[in-house]
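Here is a walk through a few local features worth having on screen, starting with charged pairs and ending with a pocket. Load it up and follow along.

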Amino acid sequence: MENSTAAHHPTEEEPLKRGEEDKAEGGLTSSQVNLKRSCREGLAFAKLSHWRTAVFFLSLFLCLIIVFAFSFVIPCPVRPQYLATWNRTFSQAATYDFVAFEDANKDKVRDVLFVLKDTEGEGTQNNTCADKGLPSPCLFAMAVAGTDGETLWEQPLAPEFHWAQCGLGGEKKYAGWDCLLFHSDLLTALDKYTGEVRWQWPHPTGPKSTLPVLSLPDLDGDGVGEVALVFPGDTQTTMRILSGKTGEQIGFEVTVDSTKSDRHLLHITEKGSRYILFQKDTGLYGLALLKIVTKANKDMGAGLKKDKLWESKANGTFDLVPVYQSNSVKYVLSTGQPGETSNLLLVDEERLVLIDGNSLQQLWSFNATKVYWEPSFGHFDKDGTLDIVVEEEVGNNTKRVMILNGKSGGVLWHVDMLPSPNSPRPASVNTLNSLSVFMFWGMMQGNNSVSMAESRRSYMLHPLHSKVLLETTNVMDHIFTFKATLLERGRHACYFLLTDNGGSGVMLKKRKLKDDVVTSTVRPMGSSITEEDATDIKEAFNRLRFSDE
């Protein structure tokens with residue numbers, strides 16, 4: 001019974017077990033054993049702490065090595081150094097309405113490409129027309145650095161100049177090219193990086209090709225996109241497809257229509273189908289690129305397709321899809337970037353019309369009878385849709401600058417001003433806050449003492465301060481081209497002017513957009529404003545940050 005009881009109370013056996021443990025510890029007392037155990041555990045903990053300390057310092061050492069490598073061994077990218085303003089004067093030269101922006105020296109800053117007519121080049125290569133066996137004066141295709149205006153390359157070409165377009169060549173799997181020029185009786189493709197001639201062929205006889213050159217996908221499998229030229233003749237319109245790699249014609253010439261088409265445009269539907277839009281005297285019509293390509297060469301066009309909705313509307317011998325019926329279409333513009341699905345903006349003698357680029361339904365129309373030139377686009381509000389800048393003649397030597405809502409066609413903003421001779425079309429630059437800064441030309445009313453020769457002003461509009469304009473005096477001679485752009489991705493907003501420098505040559509001028517803010521005058525469109533308010537408005541312009549989106 002006693003044994004049974006002890007089994008159920010193990011604590012009663014503890015003294016015996018502790019005694020055995022004491023013997024195992026060499027006869028030490030209980031307190032001595034505890035002290036020995038504490039020392040042993042402390043020593044183990046100390047060893048672990050040493051290891052942790054070693055790992056910490058090793059990690060710190062590795063971090064310092066990485067910081068040192070990135071700070072001193074691996075060079076940091078050097079940001080391009082800009083001149084806020086630069087001018088290039090080309091004495092005794094003539095020029096044309098053509099300016100393109102491409103990164104020609106691979107510094108991630110866009111450079112300026114244009115064409116001059118002169119007896120010799122303006123760069124360090126000392127090119128002359130005679131050295132190249134060309135009549136003098138001849139053409140010089142040129143690229144100058146966007147950062148400081150220095151010549152990057154120049155290429156002498158045979159006169160006369162007809163047109164030029166850059167941004168071509170498709171994928172750059174092979175030695176790429178970028179600009180196509182029609183000059184004399186030649187088509188010449190130039191490499192944008194070096195100015196070298198990639199290929200050159202005689203322009204086909206007969207009607208002259210017109211802009212735009214249509215940039216097509218790679219149809220022959222050589223990794224370079226093709227181009228298509230449109231030839232609007234007196235009795236019919238034809239197309240030819242050229243290899244982007246060699247410039248040779250691919251397949252046969254294709255007759256598009258039995259009547260002349262004045263303008264054309266490449267359009268992509270929501271389904272990814274490509275249609276070429278032809279502007280005729282009866283309206284705007286579309287024809288599937290697949291049909292054109294297979295007529296030129298039946299073995300091509302594998303990656304192309306037709307849009308069922310569009311094809312259901314096709315009629316006539318040539319399978320043309322009627323997009324908009326009017327006998328007075330003046331302009332046709334896409335509201336998106338090249339290669340994107342977009343809507344279509346049309347301007348005729350009575351109205352502006354926005355057409356859905358997929359369903360071909362009319363979204364809205366706005367009455368406007370005397371539009372000066374092609375509208376431009378920008379963001380006046382934050383609804384994500386491009387708004388439209390229109391300049392219309394309203395009589396009494398007055399023009400109205402309007403910004404129309406891209407969704408509804410309603411007027412968001414307008415101002416009446418005097419039209420200035422040789423004023424370019426409006427432009428805009430996008431900002432990070434989903435709005436745009438708008439630029440346009442003319443002269444605000446109320447200053448009758450200014451002569452016509454001095455009446456040209458440029459204006460900047462901030463949508464959040466839409467009751468005032470920043471006015472800058474720009475008195476100069478004939479403007480060939482005016483372009484506002486970002487030189488680098490997301491930054492450095494500026495504008496370029498290519499002008500006739502008073503009969504003594506040509507001037508290419510670059511000016512940073514914010515530099516005009518400092519020298520500009522704040523012009524209220526209603527009641528006057530205080531000097532403090534004018535300072536605040538200029539500061540609002542200076543705080544703007546720009547965007548490509």
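## A buried charged pair

E102 comes out as buried, because its relative accessibility is 15% and the cut-off for buried is under 20%. Keep in mind that this is a predicted model. The partner of E102 is K192, and their side chains meet in a salt bridge at 3.3 Å, N to O. This pair links distant parts of the chain: E102 sits in strand 2 (residues 94-102), while K192 is in the loop between strand 8 (186-190) and strand 9 (197-202), 90 residues apart. K192 counts as buried too, with 13% relative accessibility.

## Other salt bridges

How many salt bridges are there by this rule? The count comes to 14. One of them joins D416 and R400, with the closest N and O atoms 2.7 Å apart. D416 belongs to strand 25 (residues 411-418) and R400 to strand 24, so this bridge ties together parts that are 16 residues apart in sequence. As for exposure, D416 is partly exposed at 27% relative accessibility, and R400 is partly exposed at 28%.

Then there's E350 with R351, a salt bridge whose closest N and O atoms are 3.1 Å apart. E350 is partly exposed, with a relative accessible area of 46%, and R351 also counts as partly exposed, at 25%. There is a network as well: salt bridges link K291, E311 and D319.

## Helix 4 and its surroundings

K291 from that network leads straight to helix 4, being one of the buried residues there. Is helix 4 (residues 289-296) largely enclosed or largely open, and why? Six of its eight residues are buried, so the rest of the structure largely encloses it. Besides K291, the buried set has L289, L290, I292, V293 and A296.

What do these buried residues pack against? Four strands and a helix turn up as neighbours: strand 12 (237-242), strand 13 (254-257), strand 15 (274-280), strand 16 (283-288) and helix 5 (308-311).

## Strands 22 to 24

Next, a run of antiparallel pairing. Strand 22 (residues 376-378) is joined to strand 23 (residues 387-395) by three bridges, and the two run antiparallel. If you want a spot to click on, G378 stands opposite D387 in strand 23.

Strand 23 also pairs with strand 24 (residues 398-404), again in the antiparallel sense, over seven bridges. Here G395 stands opposite T398 in strand 24. Strand 23 and strand 24 make a hairpin with two residues between them, and in the turn N396 has a positive phi of about 55°. Strand 24 is where R400 sits, the residue paired with D416 above.

## The second largest pocket

Last stop: the second largest pocket, which holds about 200 Å³ of space. Its lining draws on Y82, L432, G490, R491, H492, A493, K512, K514, L544, R545 and F546. Which element gives the largest share of that lining? Strand 31 (residues 491-500) does, with three residues.

In character the lining is mixed: five of its residues are nonpolar, four are charged and two are polar. Among the residues to pick out on screen are R491, K512, K514 and R545, along with Y82 and F546.

Definitions and conventions
Residues numbered from 1 in each chain as written. Predicted model: local features only at pLDDT ≥ 70, side-chain atom pairs only at ≥ 80, totals over all residues. Heavy atoms only, no water. 1 Å grid on protein atoms, 1.4 Å probe; cavity = no way out; pocket = protein on both sides within 12 Å on 5 of 7 lines; lining within 4 Å. Points joined across faces, edges and corners; volume = space filled by probe spheres on them. Nonpolar A, V, L, I, M, F, W, Y, C, P; charged D, E, K, R; others polar. Buried < 20%, exposed > 50% of the residue type's maximum accessible area, 1.4 Å probe, protein only. Contact = heavy atoms within 4.5 Å. Pairing = 2+ DSSP bridges. Salt bridge = Lys/Arg side-chain N within 4 Å of Asp/Glu carboxyl O.
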